[in-house]
Structures are given as structure tokens and as C-alpha cells.
Amino acid sequence: MGALNEQTPARNRYADAPRRADYTIDQAWDTYSAAEHDRWRRLCARQRGALRDRACPQALAGLAALGVADGGVPHLERLSDRLEALTGWRVLPVADLVPDAIFFDHLANRRFPAGAYLRPEREIDYIEEPDIFHEVFGHAPLLADPAFADFMQAYGIGAKRAAARGQLHHLARLYWYTVEYGLTQTEAGLRVFGAGLLSSPSECVYALEANEPARLRFDIERVMRTRYVIDSFQKAYFVIEDMERLSAQCRRDFGDLYGVLRGAADIEAGGVLPTDELTSHIRAAA
């Protein structure tokens, strides 16, 4: 596959790439253009600036350990070798979103499917679907943390059970409000850990510093009942105490909880209940 010409209108250079049964593809790393490597470096530099005093320690440690921001577009096999040595996870290139059952099977076996294409210059500030910057800069660093790595595997295993019960939408909300848009309490104050925040220069600031969104103490039942929005900044964020407790709470069978949820009404995104415990926002340290 030749390097994509910057004038080519195709949005995703991997759209027609041959796929294996598990939906993985060859990254063909040597076909990224010089412009794409430069774009990656600019994205990383901008995001590292935004995350200073806003990202959780585990994310910053993972970025350093994996060398995600040390050069151009990461070579996923080499990155996976470093990650596997830390927590047993690998990051596998895919062309685009994969079917739920395939995605959960990958997670259950400590494999994270990552879109291999890099956003074009015209979409450098916002993309509708996850690209390699969101997947690798946002997700991979936390997979280097043992507690979070265990949580992600437990999620993949649990998602299979939820799908069999017809309650995958409940578990999808858990993923959304933790893996994508989670906040955590640290000794230095609130910090972001969700990939959607770690890879967004604007929402990582909004999540911590804006007055508008509700910041709620993490409760699994409350999270699974809560709708979310996909076309704007979140109306609510959930705050976990630490990765170890998140992992411990999710490495269990949710069977009884699913029974409760079947009879419980959904809660609108941003809705605040009298029983909710709110966490005040904190402006990141200068």
C-alpha cells in the first residue's frame, strides 16, 4: 500500500485493507507520510501541554513508559512489545470500528483494537470516529497500569455476559463514563483518566474547570442507569476513588445488579438526584 497522498479525498486510508477473522489488519507503518508523522507530533505536543496538572499520574506514567509521544506515529507492534512486558496487553491495528462480540473478545484476552488511520489536517481538532491518536495516546497509557489493565479485561469478560442478557447498553454506559470520560480523585485533586479526555485538548479542561457539568461520586448502579451524549461535551462526569477500587468493583458477576436495572428507569445525562454525592470542580494547578 502506498503512502496516502495528502490531496486524496479518502478519509480512512485503511477502509479497503484486507481484514483477518478478528478484524485486525496490517498497520503498514512505513506508508505513513512525513506530513502524518508531523501531525502526530503536533497533536502530542498540544495534548501534553493541556494535560499538565490535569491527567492522572497513571496516564502520565504510561505515556512515558510506552514512548507514545516521543516521535512520529507509533509502530503498534513495537509499542505492544513494551506494553505486553508491563501488563500483558497488546494494541492491534484495525481499519475502523469492529463488531461488539469481536471487540469484547479482544478485551477479554488483553488485546486492544486500535484504529490505524490518523485524522486528516482538516479534522485535527475533532473527529467523529476514533483514530490512532485517540486510541493510542488516549487508551494505551492506562493499559500500562496493572489495576486498570485488569479492569479492562474484566470489562471484556463481563460484556459477553451482558450481551447474552440483552443488557449491553447498561455496560456500555460503564465504559463511557470510565474508560472514555472518567475522572479520578488524587492527592493533588481531580484528574482525568478517560481516553476521550486524555485525547481532547478542550474537554480535558472543561471536565475539570467548567461550572456546568455535574461531577458525581462513582456508583456502578447509578452509572449504568445514566444516559450519555455523543455530540457535545458531557453533561456529567463520574469520579472514581482510585484504579484499584474500580478494578475490584468490576471483577464480579453483575447478575443481581442487572436484575435491579431491568426495573429501574434511566436517568438523563446531567440529571442530579437527591441521593447523588457531588464533587466540586477544581481548577488545575498553574
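Which residues of H1 are buried? Keep that in mind while we look at the whole protein, which is a predicted model.

Let's start with the overall fold. The secondary structure comprises 12 helices and six strands. Measured against the rule for a compact globule, a protein of 286 residues would have a radius of gyration near 19 Å, and the value here, 19 Å, agrees. The C-alpha trace spans about 55 × 45 × 35 Å along the principal axes. As for the interior, 53% of the 286 residues count as buried. Among contacts with a separation of 6 or more, 69% link residues 24 or more positions apart. On the outside, the accessible surface is about 12800 Å², and carbon and sulfur atoms contribute 50% of that area.

Now let's return to H1. This helix runs over residues 34-51, 18 residues in total, and its first and last C-alpha atoms lie 26 Å apart, close to the 26 Å expected at 1.5 Å a residue. Its buried residues are Glu-36, His-37, Arg-39, Trp-40, Leu-43, Cys-44, Gln-47, Ala-50 and Leu-51. Because they cover an arc of only 155° around the axis, they sit on the same side of H1. The spacing fits a general rule: an α-helix has 3.6 residues a turn, so residues three or four places apart point the same way.

What do these buried residues pack against? Their partners are helix H5 (132-143), strand S4 (189-192), helix H8 (195-198) and helix H9 (203-209). Turn to the face of H1 that points away from the buried side, and you will find the exposed residues Ala-34 and Ala-45. Following the helix comes Asp-53, with a positive phi near 65°.

Definitions and conventions. Residues numbered from 1 in each chain as written. Predicted model: local features only at pLDDT ≥ 70, side-chain atom pairs only at ≥ 80, totals over all residues. Heavy atoms only, no water. Helix = DSSP H or I, 4+ residues; strand = E, 2+ residues; numbered from the N terminus. Expected span 1.5 Å × (residues − 1). Buried < 20%, exposed > 50% of the residue type's maximum accessible area, 1.4 Å probe, protein only. Arc of directions from axis to C-beta. Contact = heavy atoms within 4.5 Å. Rg over C-alpha atoms; globule rule 2.2 N^0.38 Å. Areas by Shrake-Rupley, 256 points an atom, 1.4 Å probe, with all protein chains shown as cover.
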